[in-house]
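Let's take a look at how the parts of a protein model fit together. Have the picture open while you read, and check each spot as it comes up.

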Amino acid sequence: MTLLILIPLLFSQTEPPVDSLAELLPPIRPATGLQVSDVPNDEGNQLIVRWTLSPDDELIDDYVVMRSEAGEEYQKVAVLAPGTDSIMDDNVLALELGLKQRKKQLRQLGRDLKKAQKKDYADQILVLEIQIKGIQEQIATLKENGLLYRYQVATVRGEETVLSKPSAAAQATGQWFHVGRINVLVAMLFFFFLVMYFVSQAKKGKNLFLRKIAGLEAIDEAVGRATEMGRPILFVPGLSHIGDIATIAALNILQGIAKKAAQYDTPIIVPNRDPIVYTVAREIVKEAYSDAGRPDAFNPDSVFFVTSSQFAYVAAVNGIMLREKPATNFFLGMFWAESLLLAETGNMSGAIQIAGTDASAQLPFFITACDYTIIGEELYAASAYLSREPNLVGTIKAQDWGKATIGIFLIALTILALFGLEFATKIITSV
Amino acid sequence: MKRKIPLTLTLVLGIVFMIQFFIPHQFSQDFKNTALEWLRVMGSFAFILGLASFITHHATKIKHKKEGWAYSPIALVALVAMTVVGIIGRSPNMNWLPVTWQGQQISVFTYLFANFYNYMMVPLGATMFSVLAFYIASAAYRSFRAKSLVSTLLLIAAFVVMLSIIFYNVIPLGNLGEWLLSVPNMAAKRGILLGASLGGIATSLKIILGIERGYLGGTK
């Protein structure tokens with residue numbers, strides 16, 4: 001009976017105030033073992049800070065990381081959740097960057113001082129002179145001691161804050177070689193060697209076999225069809241910019257097609273989305289007409305800039321397809337969501353269509369809606385395939401050998417990984 | 001000379017940027033950023049040429065009354081209107097001819113620019129994009145007709161993938177749909193990517209070394 005009376009009494013007790021609860025708990029202990037190191041392979045603006053968690057990690061609210069630059073006061077860098085034992089600080093500077101920043105400030109202050117002197121603002125001159133002197137002193141100190149950073153981690157629970165011991169001083173440095181890219185360098189040099197070797201073989205007159213590429217074989221037929229029907233050829237050099245290698249590959253093909261069009265006196269229409277691509281395409285078509293011995297037949301209005309808006313461009317090109325009814329459509333280069341809009345409209349207009357892109361997501365749309373599709377690497381092989389120039393054909397063979405080498409490596413490493421050799425798994429997953 | 005200068009520039013800058021890729025130092029990053037800024041500046045100048053082309057193209061169409069010429073005046077008027085409204089309306093602290101819009105006093109040009117963009121440009125783009133849904137249906141019909149062994153396989157694979165996504169956990173297909181996407185589909189995709197990447201590198205090398213000159217126009 002006494003127990004029955006005591007239980008509700010026990011639960012009716014109000015909770016003690018937070019302050020008194022905190023007073024009951026033992027004081028929190030700080031994070032320890034702060035270590036600061038420079039981040040490798042960077043431009044010199046990162047340091048990594050690591051520490052051992054406070055033994056009271058589960059009881060704390062957060063860790064506050066603080067940084068002191070060149071002996072100045074500690075400033076808050078980040079507030080981190082319990083359980084976090086490291087941070088990458090990317091707001092630090094290597095010595096040369098620190099000096100550069102301060103010299104820039106000095107130049108600005110110098111300019112401000114001149115202005116103030118011209119206007120004879122005595123107070124402002126005094127302030128600026130003090131600031132300039134301060135920065136000059138900072139530069140001298142930095143040159144003598146370097147730009148050193150120290151860190152402290154504050155462990156926080158409510159109002160209670162415990163500081164760790166300061167870390168040893170560390171300096172951020174920028175590297176002159178990215179060690180993590182050695183594999184790229186080796187692969188690049190190997191590929192460069194292959195290209196050089198096969199180009200020299202091709203120059204010596206060695207017959208280098210190229211497999212038949214249906215899409216490229218069909219170019220002549222497609223141009224011929226337009227000529228027979230007396231209708232124009234439409235060439236869309238993708239929707240990307242000139243820096244995209246697929247655009248350059250497309251422009252290389254444009255050269256050959258424009259030359260054939262000039263020879264057969266078939267009009268060619270080249271609408272462009274990028275103004276730089278437009279200027280290059282215009283020059284290519286103009287030169288192609290000159291090469292074909294018909295510079296007078298070049299129509300400057302046949303290569304034009306439409307708009308840089310993606311879907312407005314599609315609307316314009318679809319309009320051209322429906323109004324001008326080109327007999328042949330070429331969609332070569334880089335395409336996104338508009339690929340099917342263009343190809344399907346072309347399909348409905350009854351044109352023979354040849355598409356080519358390395359955008360794997362757009363390939364199914366082109367394969368579905370076009371008569372021929374030049375897939376991925378075939379786009380890059382096109383200029384060599386069409387011109388059969390030995391130098392260019394040599395690079396195609398190098399490409400094939402490059403692929404074969406990668407294939408052999410992958411198979412060998414997969415077999416080694418199956419036998420449990422860890423280094424093989426590491427290479428496969430990291431390269 | 002007309003070809004030598006661009007070829008030399010391509011060779012030198014190509015090699016310089018190849019080296020830049022391996023140098024993470026600030027100096028190298030500054031150089032790259034400066035080059036990118038230059039590229040943007042040159043791109044802006046190219047827009048002037050693009051603008052000239054746009055005006056000439058539509059003016060020619062109007063002059064010769066080519067098929068669909070009636071759209072050309074609309075394009076030219078839209079160009080002028082959007083440019084004027086955009087330049088004036090987007091200028092900082094612009095407060096000419098103030099109007100009240102969404103409880104704020106703004107210039108009529110800012111108001112017009114926002115309305116032209118939100119209620120003309122955006123819906124027109126969305127309309128074009130939405131046509132894609134119908135085109136996908138017609139393209140899918142053509143692709144999935146079982147007229148050969150390969151297209152039958154494609155039809156079955158697509159059917160399994162669609163069922164596994166739409167009736168997830170309803171039809172007992174296990175992980176078959178996911179497996180089709182992540183194993184055979186991914187293998188083919190990676191094969192294409194590998195070839196395309198090597199092709200891209202080979203083309204870059206050809207351009208840097210001056211073996212490929214087609215992009216310069218002409219063959220000589």
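What follows is a quick tour of two meeting places: one between chains, and one between domains.

Keep in mind that this is a predicted model. Chain A and chain B bury about 5,900 Å² between them. Inside chain A, domain 3 and domain 4 bury about 370 Å² between them.

**Where chain A meets chain B**

- The size of an interface is often given as the accessible area lost when the parts come together.
- For the two chains that comes to about 5,900 Å², and 69% of it sits on carbon and sulfur atoms.
- On the chain A side, A:Glu43, A:Trp176 and A:Arg323 lose the most area to chain B, and together they make up 11% of what that side buries.
- If you count residues in the contact instead, chain A brings 72 and chain B brings 61.

**What holds hands across the chains**

- There are three salt bridges across the interface of chain A and chain B.
- You can look up a salt bridge between the side chains of A:Lys100 and B:Asp30, with N and O 2.7 Å apart.
- Polar contacts turn up too: 15 residue pairs between chain A and chain B, with both residues at pLDDT 80 or more.
- Helix α8 of chain A (residues 275-291) gives the largest share of the side that touches chain B, with nine residues.
- Sorted by class, the side of chain A that touches chain B has 37 nonpolar, 19 polar and 16 charged residues.

**How chain A is divided**

- The domain assignment splits chain A into domain 1 (28-94 + 147-176), domain 2 (97-137), domain 3 (179-205 + 393-430) and domain 4 (214-388).
- Pick out domain 3 and domain 4 of chain A, and you'll find their C-alpha centres 33 Å apart.

**Where domain 3 meets domain 4**

- Here four residues of domain 3 of chain A are in contact with five residues of domain 4 of chain A.
- Of the area these two domains bury between them, 58% is on carbon and sulfur atoms.
- Which three residues supply 79% of the area that domain 3 of chain A buries against domain 4 of chain A? They are A:Val393, A:Ile396 and A:Gln399, and no other three residues supply more.
- The count of salt bridges between domain 3 and domain 4 of chain A is one.
- A:Lys403 forms a salt bridge with A:Glu377, where the closest N and O atoms are 2.5 Å apart.
- The side of domain 3 of chain A that touches domain 4 has two nonpolar, one polar and one charged residues.

Terms used:
Residues are numbered from 1 along each chain as its sequence is written. Chains are lettered from A and ligands numbered from 1 in the order in which they are written. This is a predicted model: local features need pLDDT of at least 70, side-chain atom pairs count only at pLDDT 80 or more; totals for chains, interfaces and linings use all residues. Side-chain values use heavy atoms; hydrogens and water are left out. Contact means heavy atoms within 4.5 Å. Buried area is the accessible area (1.4 Å probe) that two parts lose on being put together, summed over both. A salt bridge is a side-chain nitrogen of Lys or Arg within 4 Å of a carboxyl oxygen of Asp or Glu. A polar contact is a pair of N or O atoms within 3.5 Å; within protein, one must be able to donate a hydrogen and the other to accept it, and residues adjacent in sequence count only if both atoms are side-chain atoms. Helices (H or I, at least four residues) and strands (E, at least two) are DSSP runs, numbered from the N terminus. Ala, Val, Leu, Ile, Met, Phe, Trp, Tyr, Cys and Pro count as nonpolar, Asp, Glu, Lys and Arg as charged, and the others, Gly among them, as polar. Domain bounds come from an automatic or database domain assignment.
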